[in-house]
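User: I would like a close look at one part of this model. Please take me through it in a single, connected answer.

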Amino acid sequence: MKIGFLKAISIATVAGLLLTACSGASPDSKSPKNSSETTSESNKEADSGENVTLKLYANYSDDQEKDTLDRAIEAMKKEMPNVTVEIEPASQDDGQKLKTYAASGNLPDIFKSDGVDIEILNKSGTLLQLDEYAKEAGIIDDIADAYKDALYMSDGHIYAVPWQSPWVNSFYANKKVFEENGVKIPENYDEFLTAVKTFNEKGVLPYALFGKEKQWCLHLYDIMVTRKAPDGIKGLDENTAKAGDADYLEAANKLIELVNAGMLSKDVFNTTYDQAKALFTSDKCAMFMTGTWALNGLEQEMGDNLVLMYYPLAAAGSEEEARWNMSGGYSQGGFSVPEYSKNKEIAAKYAVLLSRKVNDAFVALEGGTSIYKDSPKSEKELGPVMSQYIEDTKNFKSMSKFDWNLSNQELKTVMEDKAQELLTGTITAEDFAKEIDAAIEETN
């Protein structure tokens, strides 16, 4: 499941379109009429017996995504039997299609969102506040204390209900490919570089990256940076670090070294998530990177051949010091509802309840941890890799940010573009740093 049903919405140049094209909402459409009136209307419409069809835009490509969402929707039939959902699978296009919907004022009744989407769309009054719906559904009381803050955006209101506990970026190794080629699974940067060179010499793709989505190029850079500077791209986003700082510059130089050693495929920037994953699970490449939300599904598919490496990129001798500096972190967001939805009250109630159902379905089907105080147990015995990950989360010392949680949208666009360019090997680390640091100065 790719980012817990969430995909990044980037490229800040579209933000202006979002702010203007969505302006069809009335001036006071940003806030529900009032809590009691909204709740009353919601109950009235939901209980009227009238059949309603809602359009839902969500990740719905691989089996893991489909199984989880299908179960959640099936459970919703008991809650709101008069509601039918038409699912539109989210495109693997770095959020371009959703941007187009937003810019043209045609957002689906319910759509996946992240914190950045919400902040941008909220400025134009596009989103419906879900505070009362969340309260009515018991979400605010039931969610674990550690995650309550994730409900609220910067203005103190709820525009989406999260459905998962924090995940991180991580590396995975295909043990079969390593063993068949006589290569040691790496534990530090020197061993990683040796593995890349060896696989390349043997004609085996060392590492599958879905570089068509620029955010994952930036995540790779973040993983390298956090071996020494725990804040990673978060530090750049919050202007507490510079790309020209020694640790950041070293990370860029090491990525260039890995690229020149043949780490990535020649068509990496045309490769989608599904394609990269298929290369890895079919034994056609040695390593793969995605979030740990995919871990349980990968282990079910690959069994003992799956190895969770986290980040074998620290310098030899400093592995333990850097081990629990994690790349990624909590994602705000979930399902949101546009203010102009024809059935916005029903859509809002459905979206909030569906978020809880998705959490429960994912925990039951895939294991992992829940954001709620009470949650179903996994219906299948978790594999040793997934079980170890759950234990490992207790050791995490720090987290940076997922790309889609970066707040400086203009800087984010520059960093994505430059991270992709860095992985072509055609830009020096110094020029890479200069361009990013210039963007930091211009946007702060």
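Analyst: Start with burial: buried means under 20% relative accessible area, exposed over 50%, and partly exposed in between (1.4 Å probe, protein chains only). The model is predicted, so local features need pLDDT of at least 70 and side-chain atom pairs 80 or more, while totals for chains, interfaces and linings use all residues. Numbering runs from 1 along each chain as its sequence is written, and side-chain values use heavy atoms, without hydrogens or water.

First, the setting. The chain has 444 residues, and 59% of them are buried. Its secondary structure comprises 19 helices and 11 strands (DSSP runs numbered from the N terminus: helices H or I, at least four residues; strands E, at least two). Take the contacts (heavy atoms within 4.5 Å) between residues at least 6 apart in sequence. Of these, 79% link residues at least 24 apart.

Now the part to examine: the largest nonpolar core (buried Ala, Val, Leu, Ile, Met, Phe, Trp, Tyr and Cys joined through side-chain atoms within 4.5 Å). This core holds 86 residues. Four of them touch the most other members: Y207, L209, Y221 and L258. The top contributor is helix α10, residues 214-225, which supplies 8 residues. A second core, separate from this one, has 39 residues, including L56, A58, A144 and A351.

Look at Y221. Set aside residues up to four places away in sequence. Y221 then touches I233, L236, A243, Y248, A251, A252, L255, L422 and F432.

Several of those names return in the packing of α10 on helix α12, residues 246-260. The axes (lines fitted to C-alpha atoms over the stretch in contact, with angles of 0 to 180 degrees between N-to-C directions) come within 9 Å for this pair. They cross at roughly 120°. From α10, the contact uses L220, Y221, M224 and V225. From α12, it uses Y248, A251, A252, K254, L255 and L258. Y221 is therefore one of the α10 residues in this contact, and L258 one of those from α12.

Helix α12 has another partner: helix α9, whose residues are 189-201. The α9 and α12 axes come within 9 Å and cross at roughly 25°. Here Y189, F192, L193 and V196 of α9 meet K254, E257 and L258 of α12. K254 and L258 take part in the α10 contact and in the α9 contact.

D190 also sits in α9. D190 has 46% relative accessibility, so it counts as partly exposed. Its C-alpha lies 6.9 Å from that of A316, although the two residues are 126 apart along the chain.

Next, follow F192 and V196 to M287. M287 is in strand β6, residues 285-291. M287 is buried, because its relative accessible area is 0%. Beyond its neighbours within four places in sequence, M287 contacts F192 and V196. It also contacts Y172, A173, F178, P186, P206, Y207, A208, F280 and M309. Y207 lies 80 residues from M287 in sequence, yet their C-alpha atoms are 4.5 Å apart. That leads back to the core, where Y207 is one of the four residues touching the most other members.

One more helix, for burial. In α4, residues 96-104, the buried residues are L98, K99, Y101, A102 and A103. G105 follows α4 and has a positive phi, near 70°.
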